[in-house]
Each structure stands twice: as structure tokens, then as C-alpha cells.
Amino acid sequence: MPRSNLAKKTRQYSLEFKRKTVEMTLNPEVLIKDVAERMDIHPFMLSRWRKEYREGLLRPSRRTRAVAPKKPRKPKPEQKDSAVTAESADMKKLRKENEQLKRENDLLKKWQRFLSEAHKTDTDS
């Protein structure tokens, strides 16, 4: 089969695009797959960019660098702790509510069996 003379096109992404995309994935609640789909890139490419970001390779070149690169902003400890505490409290409340609903459901099932057996004995007589 003859080889195509058309060269395969590869996209070139700017460092800023890569950095912003990686920074979107730093939130633990965000899935890498979702960010990759939203940005129309392959998840493996995004994983490679994340590795380069951790290694400090996603910095502007000296020719384009006018200002020192910004370091990724980490949430303040008190903000993170309060968010985690609020989320933890919500989860505890939901677990408690779930247990209560399970108990109520079991009780209704027992009541239904009781009524079924009572009805069965009434019709047998």
C-alpha cells in the first residue's frame, strides 16, 4: 500500500494552555478524564503534562518569560480544613439518615409479612 504524502498533523499546545489544564485537575474532586474530554485532549497526554508540571518542566522559555512563573496556589489550611469538616459533617448526616431509612424499610417489610400471614390465616378458617 502506498504511503500517504500528507504529513500527520500534530497539535501544538502553548505552555499556558497546558498549565491551565493541569491546574484544573489539581482539585481532588475533578476527574482527569472529565477535564481531558472538556479540553479535547487524550487523558494520557494530560497525565504526561501533570508529570511535567510536577517536575517543573511547564515553565515559559527564557525568550517569552517576562515575569516569573506563578506557582500553583494551594488553598489556605483553614479553608481546606473548614471545607473538609463541612463535607465530613454532611457525610455523617447522610450516613445517619441512610441507616434510619434502612431501619424503616426493614420495619415496613416485617409489617407487610405480618399482614400477609394474618390475611392467610383469616382466609384459611
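Here is a short walk through this predicted model, one selection at a time.

**Start with the whole chain.** Show everything as a cartoon. The protein chain has four helices and zero strands, and from the N terminus on its elements run α-α-α-α. Now switch to a surface view: the protein chain exposes about 12000 Å², and carbon and sulfur atoms supply 54% of that area. Of the 125 residues, 11% count as buried. If you like contact maps, look at pairs with a separation of 6 or more: residues 24 or more positions apart account for 55% of those contacts.

**Next, select residues 15-24 and 32-39.** These are helix α1 and helix α2. Two packed helices are described by the angle between their axes and the distance between the axes. Here the axes come within 9 Å and cross at roughly 145°, and the crossing is right-handed. Turn on side chains to see who meets whom: Phe-17, Thr-21 and Met-24 sit on the α1 side, while Val-35, Arg-38 and Met-39 face them from α2. By class, this contact has four nonpolar residues, one polar and one charged.

**Zoom in on Val-35.** Which residues does Val-35 touch, leaving aside those up to four places away in sequence? The list is Thr-21, Met-24, Thr-25, Val-30 and Leu-46. Val-35 also belongs to the next selection.

**Select the core.** Pick Val-22, Val-35, Ala-36, Ile-41, Leu-46, Trp-49, Tyr-53 and Leu-58 and show them as spheres; these eight residues form the largest nonpolar core. Both α2 and α3 (43-55) supply at least two residues each, and the largest share, three residues, comes from α3. As background, nonpolar side chains tend to be buried together in soluble globular proteins.

**Step to the loop between α2 and α3.** Select Asp-40, which is found there. Check its backbone: phi is positive, about 60°, although Asp-40 is not a glycine.

**Move on into α3 and pick Ser-47.** Ser-47 lies in this helix. Is Ser-47 buried, partly exposed or exposed? Its relative accessibility is 32%, so Ser-47 counts as partly exposed; the buried class stops under 20% and the exposed class begins over 50%. Then draw a distance from Ser-47 to Ile-32. The two are 15 residues apart along the chain, and their C-alpha atoms are separated by 7.9 Å.

**Finish back in α1, at Arg-19.** Arg-19 is in helix α1. Does this arginine count as buried or exposed? Arg-19 is buried, because its relative accessible area is 12%, and the cut-off for buried is under 20%. For a last distance, go from Arg-19 to Leu-58: they are 39 residues apart in sequence, yet 6.6 Å apart in space, C-alpha to C-alpha. Leu-58 is one of the core residues you selected earlier.

Note on methods: Residues numbered from 1 in each chain as written. Predicted model: local features only at pLDDT ≥ 70, side-chain atom pairs only at ≥ 80, totals over all residues. Heavy atoms only, no water. Axes fitted to C-alpha atoms, helices over the stretch in contact; angles between N-to-C directions. Left-handed = near helix turned anticlockwise from the far one by under 90°. Contact = heavy atoms within 4.5 Å. Nonpolar A, V, L, I, M, F, W, Y, C, P; charged D, E, K, R; others polar. Buried < 20%, exposed > 50% of the residue type's maximum accessible area, 1.4 Å probe, protein only. Areas by Shrake-Rupley, 256 points an atom, 1.4 Å probe, with all protein chains shown as cover. Core = buried A, V, L, I, M, F, W, Y, C linked by side-chain atoms within 4.5 Å.
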